[in-house]
Amino acid sequence: GVKLIRVPAFSPHWNKGWTWKPWIWMNTGHTKVIFLDAGTEVLRDLTEICDLVDRDGYFTVSQYNTLPDGCTLRTIAPQDYFEKYDVKPSLGSRPVVAAGIIGFQTSSDFYKHVLRPTYKACLKGDNLGWSEHELWRNTGFNRQDPPIIRECAYFRHDQTLLNLLLYKHIAKPIIQPVEKFG
């Protein structure tokens, strides 16, 4: 019952900086989506996640505990992006959510005000680049010549944009614990 859909070359950089991921969010053809990055293992029934998507319109998982001092918006977003996306710098201490474990309804505000603008920002190339100390990752299909250097500790491409737009448009986002869902 699985149908594979090839991601087309929908932009000049469709296969760089994880641009393809927001394209998938926009092009599933379904009204309710549970998106899991490659390598994600499903270890139990997904009914609870589906119920949360039904209740809240979306599902996100914290990535705060992935760094010893906590992964925050300030950790993954360049300072100029706060201004570019009209996000208050005071929101920089907010916890980061994963872009690889996410659920949504296409009728939700989350889809309209967070995911759709994330996709548009990726189309413009705002997801491209690397933090300076992670230039070693500029290889393979993600290679960019010359690489764009983003001034933050861990630039996270589509995830950086997703988080900026999440905090811009949702005052109190519902973030599930990674210990339970990640």
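Which residues are linked with Lys21 in a network of salt bridges? Asp37 and Asp158 are the partners that join Lys21 in this network. Welcome to a predicted model, in which local features need pLDDT of at least 70, side-chain atom pairs count only at pLDDT 80 or more, and totals for chains, interfaces and linings use all residues. Residues are numbered from 1 along each chain as its sequence is written, and side-chain values use heavy atoms, with hydrogens and water left out.

A few terms will help along the way.

- A salt bridge here is a side-chain nitrogen of Lys or Arg within 4 Å of a carboxyl oxygen of Asp or Glu.
- A residue is called buried under 20% relative accessible area, exposed over 50%, and partly exposed in between (1.4 Å probe, protein chains only).
- Helices (H or I, at least four residues) and strands (E, at least two) are DSSP runs, numbered from the N terminus.

**Salt bridges**

- The count of salt bridges comes to 9.
- One of them joins Lys21 to Asp158, with the closest N and O atoms 3.2 Å apart.
- Lys21 sits in helix H1 and Asp158 in helix H6, so this pair ties together parts that are 137 residues apart in sequence.
- Both ends of that bridge have low accessibility values: Lys21 is buried at 4%, and Asp158 is buried at 3%.
- Another salt bridge brings together the side chains of Asp54 and Lys32, at 3.0 Å from N to O.
- Here the link runs between distant parts of the chain, from Asp54 in helix H2 to Lys32 in strand E1, 22 residues apart.
- Asp54 is partly exposed with a relative accessible area of 42%, and Lys32 is partly exposed with 34%.
- Asp126 and Lys84 also form a salt bridge, their closest N and O atoms being 2.9 Å apart.
- This pair connects the loop between helix H5 (109–123) and E4, where Asp126 lies, with helix H4, which holds Lys84; the two residues are 42 apart.
- Asp126 is buried, with a relative accessible area of 7%, whereas Lys84 is partly exposed at 48%.

**Surface patches**

- Patches are made of residues with over 30% relative accessible area and no salt bridge; like charges are joined within 9 Å, and nonpolar side chains (Val, Leu, Ile, Met, Phe, Trp, Tyr) within 5 Å.
- For charges, Lys and Arg count as positive and Asp and Glu as negative, while His and the chain ends are not counted.
- The place of a charge is taken as NZ of Lys, CZ of Arg, CG of Asp or CD of Glu.
- Asp80, Glu83, Glu132 and Glu151 make up a negative patch on the surface.
- Glu151, one of its members, is found in the loop between strand E5 (149–150) and helix H6 (157–169).
- Glu151 is exposed, with a relative accessible area of 62%.
- A nonpolar surface patch consists of Leu36, Val42 and Leu46, which together have about 200 Å² of accessible area (Shrake-Rupley method with a 1.4 Å probe; for residues, only the protein chains shown count as cover).
- Val42 lies in the loop between strand E1 (32–36) and helix H2 (47–56), and Val42 is partly exposed at 45% relative accessible area.

**Cysteines**

- There are 0 disulfides, a disulfide being a pair of cysteine sulfur atoms within 2.5 Å.
- Why is Cys122 without a bond to Cys152? The sulfur of Cys152 is the closest cysteine sulfur to that of Cys122, but at 14 Å it is too far for a bond.
- Cys152 is in no disulfide either, as the nearest cysteine sulfur, that of Cys71, is 9.9 Å away.
- Cys122 is buried at 0% relative accessible area, and Cys152 counts as buried at 14%.

**Backbone details**

- The peptide bond from Asp145 to Pro146 is cis, with omega near -10°.
- Pro146 belongs to the loop between strand E4 (130–131) and E5.
- Trp18 has a positive phi of about 60° although it is not a glycine, and Trp18 lies in the segment before helix H1 (20–26).
- Asp86, a residue other than glycine, also has a positive phi, near 55°.
- You can find Asp86 in the loop between helix H4 (79–84) and strand E3 (101–105), where Asp86 is exposed, with a relative accessible area of 59%.
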